[in-house]
Amino acid sequence: MTEKEWIEVGSKWKTTSSKVTTVYPAIEKIITDFKGKKILDAGCGDGYGVLWCRAKGAECTGIDLSANAIESCKKRDPEGKYFVEDIKNIRINETFDYIISIMVLLSFDNKRDILKAISSMGSKLNDNGRLILVTAHPAFDFIDENMESMTWKSEGEYSYSKKGLPMIYTHKIDKYTLKDFHWMIEDYSESIKKAGLMIEEIFEPLPIPES
């Protein structure tokens, strides 16, 4: 969803089953030892990822653009560290072993902001730190046959090569709409390289029925 939409949704958002059953197991294949690691959850939402990392022995901090979401996280997890931050300009005076950002890059309608976000996160990594970016696979934006709760359409004719194309999702029951933006894999890889980082691994976990 767009940054404006996210600020409006904020504390109402709950971590989806697809993240719990698909994304987090994939992250665990990358971070094989959590104990003692400093982790930043950039775009922490309801704080699920912060609690998940801490339960595995890491020291985890959560940041999010939504003040309401951060306030909700603090109430749910008084012992946690949560801050209102824009990932395009992170001000925390700390560095981390891992930074995790889940489904945040989809919210940007231009590549400049994608580059700003990746550069900002990269600047907060330790010398041997790793940035873990999670996004929906752009090759499957147009497939909605397995989406039980949402319907999909694009703003204009869909083409994989149409960079920045708005993708509109509508909840079938609650009727609210969300907007993401379609980017190709080369757009993400280009921004990663321009930010001075190197792509080390790409994981492509497949959806499972539980998600």
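## The five-stranded sheet

Contact here means heavy atoms within 4.5 Å. With that in hand, take helix H5, residues 111-122: H5 lies across E1, E4 and E5 and runs at about 145° to E5. Keep in mind that this is a predicted model.

The strands under H5 belong to an open sheet of five, ordered E3-E2-E1-E4-E5 and paired in parallel. At the edges sit E3 (81-84) and E5 (125-134), each of which pairs on one side only. On average, neighbouring strands in this sheet are turned by 20° against each other, ignoring direction.

## Inside the sheet, and a second helix

Now for one of the pairings. E1 (residues 38-42) and E4 (residues 96-102) run parallel and are joined by three bridges. Leucine 40, for one, has isoleucine 99 of E4 as its bridge partner.

Helix H3 (residues 48-55) also packs on these strands: H3 lies across E1, E2 (59-64), E3 and E4. Relative to E2, the helix runs at about 175°.

## Aspartate 64, a buried acid

Strand E2 also holds a residue worth a look, aspartate 64. Which side chain of opposite charge is nearest to this residue? That would be lysine 19, but at 8.8 Å away. The cut-off for a salt bridge is 4 Å between a side-chain nitrogen of Lys or Arg and a carboxyl oxygen of Asp or Glu, so that distance is too long for one. Aspartate 64 is thus buried with no salt bridge.

What the aspartate 64 side chain does have is a polar contact with the side chain of tryptophan 6, at 2.5 Å. Leaving aside neighbours within four places in sequence, aspartate 64 is in contact with Trp6, Gly43, Cys44, Gly45, Ala69, Ile70, Phe83, Val84 and Glu85.

## The antiparallel strands further along

Further along the chain, the pairing turns antiparallel. Strand E6 (residues 150-154) is joined to E7 by five bridges, the two running antiparallel. Lysine 153 has isoleucine 168 in E7 as its bridge partner. On to the next pair: six bridges link E7 to E8 (residues 177-182), again antiparallel, and tyrosine 169 stands opposite leucine 178 of E8.

Is E7 (residues 165-171) mostly covered or mostly open? Mostly covered, with six of its seven residues buried. The hairpin of E7 and E8 has five residues between the strands, and lysine 175 in this hairpin takes a positive phi near 70°.

Conventions: Residues are numbered from 1 along each chain as its sequence is written. This is a predicted model: local features need pLDDT of at least 70, side-chain atom pairs count only at pLDDT 80 or more; totals for chains, interfaces and linings use all residues. Side-chain values use heavy atoms; hydrogens and water are left out. Two strands pair if DSSP finds at least two bridges between them. Helices (H or I, at least four residues) and strands (E, at least two) are DSSP runs, numbered from the N terminus. Axes are lines fitted to C-alpha atoms, for helices over the stretch in contact, and angles run from 0 to 180 degrees between N-to-C directions. Buried means under 20% relative accessible area, exposed over 50%, partly exposed in between (1.4 Å probe, protein chains only). Lys and Arg count as positive and Asp and Glu as negative; His and the chain ends are not counted. A polar contact is a pair of N or O atoms within 3.5 Å; within protein, one must be able to donate a hydrogen and the other to accept it, and residues adjacent in sequence count only if both atoms are side-chain atoms.
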